[in-house]
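Please walk through the aromatic side chains and the strands around them, and explain how they are placed relative to one another.

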Amino acid sequence: MSISDIELDSLSDKDDLSGDLSEVFSSPYHCAHAVNLGNSYVLNVDANCDNSRYLASFSNKQVKIFSPSLDVVAAVSPHESRITQCSFSKTDPQLFFTSSEDCTIKLWDLRSPDKSVSEFRDTSDPAKHQGPPSRPDKPITCFDTSADCRVVAGGTEQVGPDSFILFWDVRGVSLMGGYWESHDDDITCIRFHPTNNDSLSSGSTDGLVNVFDLKETKEDEALVSCHNTEDSVSNLHWFSKKESDRYLAISTHTEGLQLWDTDHYQPYQTFTRSDIAHGIRRKAPEHVYIVGAQEQADQGFLLMAGSRYAADPCLRLATMKNKKLKPVADLRSKISGGIVRSTAQLKQYSGFITGSEGGVVSVWRPGTEPQTHADSNLKMKNKTSKRDKPY
C-alpha cells in the first residue's frame, strides 16, 4: 500500500445533502438479483439485444453467460492472454465477441460455446506497410461493432510510435484496413454511432477523441474532427440533445466528464471530479469515481458514479439539467462487492447490470423492491477493494 493510499483511506466521505435521501434521489431502483463469482475482478458486463442473456468477463480469463436471474448458463475461456473486452452482438442475441491482448477478437455462439465461430486478427503483410511500425503484434485493447453488426473495429496498444484502429468484415472475417496516424498512445475506447454505421469515435490516453467517416477510404479524409480533452480518455458515450445525436460524453482517467458537440472544437460543458461528487451528493471528491454513461428514455444520458470510501460506499445515478449534474437514483444493495468497474444498460430502459472488483454481478431494476422478494443470491460475503488494475 502506498502513502497516497494510506492518506486516502484516512480521508472520510459521507453524504452531502439536507433532507431525506429518498427525496433527493427520487427515482427508486432496487437490486433485483446479485451473484458473487469469487475472488476474480469483473472487467466488463453486457446484455444481449433481447435481454435474455447477460455476460461478464473476469480477471481469471473467463467469460460467464447468465440468465436474467443471474444463473450461470455457460462459461468459456476464450483467450490465453488477458481479456480486454466482451460484448454481445447488437443484432443477434446468440452471438458475442471477445478481445484480448493476444491480438485477436473472437466471435462466439451461445448454442455451441466450446469453439469460437470466427477469429479476427491482423493479417496484413508487415513488409508492405508504407510507414512504421512494421511489428506485426498489435494487442487489442477495445472494440465495437457497427449498429448493423457487419463491421468490427478494434483499437490497439501503442506499437512503435503509433496505435491502430483495425477493421474487419464480420461475415467474411477479412481485414478491411486500418488507421494508424490519428493516435500516438494506447486506444482506450471505440464507439460506433448508435444509428450511423459509417460514423466511429475513438479515444486514447493521448487525450484525443477522433470522429471518422468510414465512407472515406483514406485516413486523413475519413477524419471528420479531432477533439483534444487535455486529459487521458477513459470512455465515450454518444447521446442526443435538441433532437440531434452528434454529441459525445467523454469520461477521463482523472474522473472528469466532458460534453462535446462533435461539430465544434471545444467542450460546451465540463465536470471536474468535485462536480461529479456534488452531483451524487458526496463530500470527498478524492473517493468518487465514474462507472459509465447510459442512454435515458428522453434526450441526454444517465451518469453512474460512486464513492469507494470503504466505511460508507455508494453507487448512484445522476443526469444533467440546467448545466448541472442532478441526483437521480441511489443504488443500494444488501451486499458490497467493492468498486463497480463496469455497467451496461438493459434494453427498453428496463434497468442496468453492473460488475465489481469484488466479483459481484448485479441486476438493477427501476422501482421499489417487491415486498415478497427474497433472493438467496443476495446473502453473500461483503468485500471491498481499491480501484487498481487486477493484473
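Contact here means that heavy atoms lie within 4.5 Å. The model is a predicted one, and every value below should be read with that in mind.

With this meaning of contact, a convenient place to begin is Phe271, which lies in strand E21, spanning residues 269-271. Once the neighbours within four places in sequence are set aside, Phe271 is in contact with Gly256, Leu257, Leu259, Ile276, Met320, Lys323, Lys324 and Leu325. For one of these partners, Leu259, which stands twelve residues from Phe271 along the chain, the separation of the two C-alpha atoms is 8.5 Å. The relative accessibility of Phe271 is 6%, and because buried means under 20%, the residue counts as buried.

A second region to follow is an open sheet of four strands, in the order E6-E7-E8-E9 and with antiparallel pairing. Its edge strands are E6 (83-88) and E9 (118-121), each of which pairs on one side only. Averaged over the sheet and with direction ignored, neighbouring strands are turned by 15° against each other. As a general matter, strands of a sheet pair through backbone hydrogen bonds, in either a parallel or an antiparallel manner. Within this sheet, E7 and strand E8 (residues 104-109) run antiparallel and are joined by five bridges, and the bridge partner that Phe96 has in E8 is Trp108.

From the sheet, the path leads on to the aromatic rings. Counted by the ring-centre rule, with centres within 6.5 Å, the aromatic pairs come to eleven. In the pair of Phe97 and Phe143, the ring centres are 6.2 Å apart and the planes stand at 50°, so this pair is classed as tilted, the class for angles that are neither under 30 degrees nor over 60. The pair links distant parts of the chain, since Phe97 belongs to strand E7 (residues 95-100) and Phe143 to strand E10 (residues 140-145), with their positions 46 residues apart. Phe97 and Phe143 are both buried.

Elsewhere, Phe239, Tyr247, Tyr268 and Phe301 form one aromatic cluster. Tyr268 also has a charged neighbour, as the charged end of Lys241 sits over its ring at 3.8 Å from the centre. A comparable placement can be found at Phe164, where Lys138 lies over the face of the ring, at 4.7 Å from the ring centre.

How values were computed. Residues numbered from 1 in each chain as written. Predicted model: local features only at pLDDT ≥ 70, side-chain atom pairs only at ≥ 80, totals over all residues. Heavy atoms only, no water. Phe/Tyr/Trp six-rings, centres within 6.5 Å; stacked < 30°, edge-to-face > 60°. Helix = DSSP H or I, 4+ residues; strand = E, 2+ residues; numbered from the N terminus. Buried < 20%, exposed > 50% of the residue type's maximum accessible area, 1.4 Å probe, protein only. Lys NZ or Arg CZ within 6 Å of the ring centre and 35° of its normal. Pairing = 2+ DSSP bridges. Axes fitted to C-alpha atoms, helices over the stretch in contact; angles between N-to-C directions.
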